[in-house]
Amino acid sequence: MGWAIALHGGAGDIPMTLPPERREPREAALRHCLEIGVAALKAKKSPLDVVELVVRELEDCRHFNAGKGSVLTTDGTVEMEACIMDGTKKCGAVSGLTSVVNPISLARLVMEKTPHIYLAFDGAEAFAREQGVETVHQNYFITIENKERLKQAKEANRVQIDFTQSIPKEPEAKESIVPDGVSQVGTVGCVAVDNHGNLAAATSTGGLVNKMVGRIGDTPVVGAGNYANSFCAVSATGKGEEIIRATVARDVAALMEYKGVSLEEAARYVVEESAPKGTAGLVAVSAKGEVTMQFNTTGMFRACATEDGYSEIGIWPSV
């Protein structure tokens, strides 16, 4: 048994032609965050501290859809959400955040400082102020790139993934949100296990480009986008509605617990057989120090490392 860590910056229809100026900063951020996580595990930080630390770094990076890089709602605002959970099933989640710099840390405070699991919108914002967490004006989150993504999505009359290239207008469409064939923007997440088999998972996101105000995705839903128990820790990414329907993160743990299958087998089954093609990806670690990164989309920004020296950083399927 040894430590292991895995993280992701979102799965979706990531084109192989992704320009270097969009690809390279994300790869550099993944490498940086992986190094931070590995150093923290080597320093004997708890897995809960490690996943929070790594996800905070990802939230502070404008190249991912969480925290500073959060995409915009149809009103041009941000509504962020996050969830954190450890192997003892302690968990906290938040939704509808508009001013909190690091949603994942507020989710941890919900877990540790309240009798509840999930706070949202005005109540979550009030709790953030009460706890003295860092908040900023919403302009901090609204980047030029995300304003352009929203403009593109509105012109195409659809909700879309942030990696999507230009889409022709669809004037004949009658609905402002296309229910089929749309993907969730890249969430960020991290899972970790230490030498003693202690586990934790953390996930954070800004949601969908051009999503309805008030929409809640899979990220803060325990067992859908984020889950941990004594067997494994899982962080999912992809089309939120499909991940919720498939209870992706919990199903990986359930297959291990009730069927006795390996982490790799459980994750592969959920991604390939349960979640519809093109909708989901996940990173997971087991209490035994195993790690897996599975996706049924074109690509997934991902990175992992284990105590025995294995490491990987990738976007598209390995060949």
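**Exercise 1.** Work out what span the 13 residues of helix α5 (residues 144-156) should have, and compare it with the distance between the end C-alpha atoms.

*Solution.* Keep in mind that this is a predicted model. Start with the rise of 1.5 Å a residue; the expected span takes that value times one less than the number of residues, so helix α5 should span 18 Å. Next, check the model: the end C-alpha atoms of α5 lie 19 Å apart, which agrees.

**Exercise 2.** Find out which residues of α5 are buried and which are exposed on the other side.

*Solution.* Take under 20% relative accessible area as buried. That picks out N146, R149, L150, Q152, A153 and A156 in α5. These buried residues cover an arc of only 160 degrees around the axis, so they sit on the same side of α5. Now flip to the other side of α5, where I144 and K147 are exposed. As for the cover over the buried residues, it includes α1 (20-42). One last stop: just after α5, N157 has a positive phi of about 60 degrees.

**Exercise 3.** Place strand β3 (residues 91-97) among its surroundings: is it largely enclosed or open?

*Solution.* Count first: 7 of the 7 residues of β3 are buried, so the rest of the structure largely encloses this strand. Then look at the partners. Strand β2 (residues 80-86) runs antiparallel to β3, with 5 bridges joining them, and I84 stands opposite G92. Their hairpin has 4 residues between the strands, and K89 takes a positive phi near 75 degrees. Strand β4 (residues 118-120) pairs with β3 in the parallel sense over 3 bridges, with A93 opposite Y118. Finally, trace the chain from β3 through helix α3 (residues 103-113) to β4: this β-α-β crossover is left-handed.

Terms used. Residues numbered from 1 in each chain as written. Predicted model: local features only at pLDDT ≥ 70, side-chain atom pairs only at ≥ 80, totals over all residues. Heavy atoms only, no water. Buried < 20%, exposed > 50% of the residue type's maximum accessible area, 1.4 Å probe, protein only. Helix = DSSP H or I, 4+ residues; strand = E, 2+ residues; numbered from the N terminus. Pairing = 2+ DSSP bridges. Right-handed = clockwise from strand over helix to strand, strands pointing away. Arc of directions from axis to C-beta. Contact = heavy atoms within 4.5 Å.
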